[in-house]
Amino acid sequence: MSEENGVGWRLIRRSLLLRRRSLAVLAAWSGLEAVPAMASGLLVAKAIDEGFLRGDVLTGLSGLAALLLAYAVGAVASRFTFPVVGAIVEPLRDDLLHGVVSGVVHGSGDMADGSAIARATQQVESVRKAVATLLNGMRRFLFTLAAATFGLTALAPEIVWLTMPPVLVAGLLFAALLRRLVRRQRAAISANERVAGEVAGALVGHRDITAFGREEKIVATVTAALAAERAAQQRLARATATRSVITAVGGQLPLLCLLFGAPWLMSRGITVGALVGAATYVSTHLEPVMRMLTEVIGGSGLQLAVTVRRLAEADPARRPTTGGPEAVPEGTEIVVEDLEFAYGAGAEPVLRNLSFTLPENGHLAIVGPSGIGKSTLAVLLAGLAVPDRGRIRVGGTAPDLLPTARRREHIVLVPQESYVFSGTVEENLRYLNPGAGERELGVAVQEVGAENLIAGLGGMHAQVEPERLSAGEKQLIGLSRAYVSQAHVVILDEASCHLDPVAEAKAELAFRSRPGTLIVIAHRASSALRAEQILLLDGTRASFADHRHLVESSELYAELVGHSSQTVGFQR
């Protein structure tokens, strides 16, 4: 078992062992629930042999009445098992959720992957459901198998020799199949995630894809991913079909063996009632629990094995390190050398041969036509994507190699659509810097220009309802949060496009007066005019200079600035 798998399984095992008393209570109720499985065949045999075949109807009906009573006891016991299972499984969910969400929040801290918490929560819920299903299925299988075996042995040991071998063979075959099932389940999930990744990449970069005419290549890449997913699902379906054959061997073959062996059994003195009782055990208890075993382990068991692995892989606290000392950025100088990046294998690069150096505490505006790759560059500078070629250094360190917690301390990317969560204003502002004091929050709000918004919401302790905020109000909260952070490099990706020009200028000047480096994906020409350096992306080459030199040397830049008249937006 790998280290990452071991961590998840140890957590589950530890949580279950902490509830040994509940497990003991569950075992007791499960024993009572298995009373019908133990008594049914014996009572049927008694009713036939000692009652109906002898003409003693009363004795026969008494045996059937006892059988009904046994089933009533089993039903009542089954009713009481559910709350006990809940008492075991619900704390497991809480333990997992606490550990994993803490890892996602405190380990990464940013919302670069806005679905991280939701994905982790969904996976934990999948683990809870799978454990509950497995616990229910396995206890019923074990207690029913033990009870039925006891009943068959009490009827006649010879019956056990005939009926149990197929059950054992089916169990061994299923155990051998499990490893293949797990591999194919993982492969199917990985293929599905690859499809999701390719589609998400195409959606995120659709402007750049359209601008460079790469639609056919992206469609081909997504089509190939879909074909791989279909093949993986077909392989999984074939393995699942094999599981169905094994279920038939363990569930149906014992009854056939009993029927074919009936003459031999009767020759050894086995009564008709015992044969019917044995058939009762096999058809009403062994066959259903064998089917349940393969379906539960082949379904929920596989889901649990795969989900525990995925959960461990997603936990930032458990991701493997390089083994060397943790990289620590020194300063805020940004160096980009021969950078190349494309969306998907075989696609034309969005950025190619891009090089520039932004000095310590610099102020850069990135401009260019729609779909040229400005937002893509912002994501790369923030360390949220890995260059295909070339390198990026922020403070002498590749940002994508920084541990997420360290990266958020040094770099913050504020996107166009700012994320605001339900909670207080104070909680939203402190998200990137939990230790910030009230004075720091007040200064940030004042500097960015969000004081009227915060006052209108009811102050720092007021509850925020994200759905009631406008896009501009969300941007002000996002900008204030970034200001409160301890990051030395701030990247504003059209983070103020929903503000009016005066409010945008106030926010940008606030970040410029703050220590560190500021990079702005310009929405208006005024943002470029405020910057010390400007990076112009035009698809064939990049120009890095100040405003005056670009106006003189670049017709595209002059057209963009002149057309926008300092107020009309540069389009992404």
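Q: Which residues of helix 11 are buried in this predicted model?
A: Buried means under 20% relative accessible area. Helix 11 covers residues 374-381 and is mostly covered, with 7 of its 8 residues buried. The buried residues are Lys 374, Ser 375, Thr 376, Leu 377, Ala 378, Leu 380 and Leu 381.

Q: Which strands of the 2-1-4 sheet stand at the edges?
A: The sheet is open, has 3 strands and pairs them antiparallel in the order 2-1-4. An edge strand here has a single partner, so one side is left without a neighbour in the sheet. That applies to strand 2 (351-358) and strand 4 (389-394).

Q: What angle does the direction of helix 11 make with that of strand 1?
A: Strand 1 (residues 334-341) is joined to strand 2 by 5 bridges, and the two run antiparallel. Helix 11 packs on this sheet, touching strand 1, strand 2 and strand 4. The direction of helix 11 makes with that of strand 1 an angle of about 120°.

Q: Which residue of strand 9 stands opposite Ala 365?
A: Strand 3 (residues 363-367) and strand 9 (residues 517-521) run parallel and are joined by 4 bridges. Opposite Ala 365, in strand 9, stands Val 520.

Q: What angle does the direction of helix 11 make with that of strand 8?
A: Strand 8 belongs to an open sheet of 6 strands with mixed pairing, in the order 5-8-9-3-10-11. Helix 11 packs on this sheet, touching strand 3, strand 5, strand 8 (489-493), strand 9 and strand 10 (533-537). With the direction of strand 8, that of helix 11 makes about 155°.

Notes. Residues are numbered from 1 along each chain as its sequence is written. This is a predicted model: local features need pLDDT of at least 70, side-chain atom pairs count only at pLDDT 80 or more; totals for chains, interfaces and linings use all residues. Side-chain values use heavy atoms; hydrogens and water are left out. Buried means under 20% relative accessible area, exposed over 50%, partly exposed in between (1.4 Å probe, protein chains only). Two strands pair if DSSP finds at least two bridges between them. Contact means heavy atoms within 4.5 Å. Axes are lines fitted to C-alpha atoms, for helices over the stretch in contact, and angles run from 0 to 180 degrees between N-to-C directions.
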